[in-house]
Amino acid sequence: MYQLPDEKGYFGEFGGRFVPENLEGVLEEVKQAFEKYKDDPEFIKELEYYNKYYVGRPSPLYYAEKLSNRLGGAKIYFKREDLNHTGSHKINNTIGQVLLAKRLGKKRVIAETGAGQHGVATATACALFDIECIIFMGEEDTRRQALNVFRMELLGAKVVPVTSGTRTLKDAVDVALGDLIENYQTTYYMLGSAVGPDPYPAMVKHFQSVIGREAKEQIKDFEGKLPDYIVACVGGGSNAIGLFAPFYEDKDVKIIGVEPAGKGLETGMHAATLSLGSPGVIHGFKCYVLQDEKGEPLPVHSVSAGLDYPGVGPEHSFYKDSGRAEYVSVTDQEALDAFSELSRIEGIIPALESAHAVAHAMQMAKQLPKDQMILVNLSGRGDKDVNQVAEMMEK
């Protein structure tokens, strides 16, 4: 069993709901629906049907034998979320939430997206269920991820470029929340990461924990025991909490989250929230935040559009303070090197987000004995990133 928040949505001191009064009722409606349906046999049956026959679950667990041998140390296993329909873990959550939206009778779904994978997964789920779909995306991210913008539009979604602030994920969330306040009666907000006000962190974790549940059984089939380490990249933290949560009680399994160190922690151009942030409130919940002395979020940077967020999931903040997980960081260059190396050695092109976790796992494997095992969440595939990486390599 994994950790559950208290009745007000707190994991320790993190989480909660810091929102305008007119959003309280909207969030409470979503929470009541989630609590009602998450254990409902009909809901579970429908979710499992789409997970199996539409998403393609269970996703495989793959022993990266060539990579492990090349590094000469611990065995590396990949949980292949990159093989899901739409190319990442994001679809696990959007199918779950769109089934809730349908039961709430909502005719319109809005979402924010950074790298575009949550946007594509949301547009896909809305196309499947004939629901109007609006995606807010920072203008800078629409440029970096032009292919995903086209995919969302192809799927019938309207993509709205956000031109305020740093024109990235944080600003897309700001605008999406503003839209929800205006249109809450007809609109469902499909939050893509394990962040935001209660009940979203617990709800996203619930739908993503299928990753860790499957991985647990699969590694036992391979090795007859649990891994020594589990590793995942952390921006907001949905793919990571999806892997980590089912291992929460398995104290012999060490949990490691990998944040973006960007151009280096010392440069200020990073998004290593848990490494260098402090507790604060952002987007309606309490977590570690990269903030100035006035409590305003600082500009952040990562080569990966899906990781450049100045906050982080409240449950990750709780894991850090309780010591259940360790959070480290990897630079843009280290992630790019891992992106190339995994492509060449195993024929797997990872998302730039996932490449952060791969980079750290590779560093770890070299230091560990051969009888140790590292299980890495390969949260997405890199098709969306190849144009960006090609441009960077040319420069």
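Okay, a definition to start: when I say helix, I mean a DSSP run of H or I with at least four residues, numbered from the N terminus. And a reminder that what we're looking at is a predicted model.

So, cavities. Searching the whole structure for cavities of 30 Å³ or more turns up two. The largest has about 420 Å³ of space in it. There are 37 residues lining that one, and K90, L169, S193, S238 and G306 sit closest to its centre. Which elements give two or more residues to that lining? They are β5 (108–113), α5 (117–128), α8 (169–183), α11 (238–244) and α15 (352–367). The top contributor is α8, with three residues. As for chemistry, the lining of this largest cavity splits into 20 polar, 13 nonpolar and four charged residues.

Now the second largest cavity, at about 30 Å³. Its lining is V26, E29, V30, K106, L180, T187, Y188, Y189 and Y200. Here the elements giving two or more residues are α1 (21–37) and β8 (187–189). By class, you get six nonpolar, two charged and one polar.

Let's move on to the backbone. Just as background, most residues other than glycine have a negative phi, and most peptide bonds are trans. With that in mind, have a look at a few spots.

There's a cis peptide bond between R57 and P58, with omega at about 0 degrees. P58 is in the loop that runs between α2 (41–55) and β3 (61–63). Another cis bond links D198 to P199, and there omega is about 15 degrees. You'll find P199 in the loop between β8 and α9 (200–208).

Then the positive phi values. D130 isn't a glycine, yet its phi is near 55 degrees. D130 belongs to the loop between α5 and β6 (132–138). Is D130 buried or exposed? With a relative accessible area of 74%, D130 is exposed, since the cut-off for that is over 50%. R167 is also not a glycine, and has a positive phi of about 60 degrees. R167 lies in the loop between β7 (158–162) and α8. At 31% relative accessible area, R167 counts as partly exposed.

Last stop, the hairpin. Strands β11 (residues 278–282) and β12 (residues 285–289) run antiparallel, joined by five bridges. One pairing you can pick out is V281, whose bridge partner in β12 is K286. Two residues lie between the strands of this hairpin, and H283 takes a positive phi near 50 degrees.

That's my tour; happy to go back to any of these spots.

Conventions:
Residues numbered from 1 in each chain as written. Predicted model: local features only at pLDDT ≥ 70, side-chain atom pairs only at ≥ 80, totals over all residues. Heavy atoms only, no water. 1 Å grid on protein atoms, 1.4 Å probe; cavity = no way out; pocket = protein on both sides within 12 Å on 5 of 7 lines; lining within 4 Å. Points joined across faces, edges and corners; volume = space filled by probe spheres on them. Nonpolar A, V, L, I, M, F, W, Y, C, P; charged D, E, K, R; others polar. Pairing = 2+ DSSP bridges. Buried < 20%, exposed > 50% of the residue type's maximum accessible area, 1.4 Å probe, protein only.
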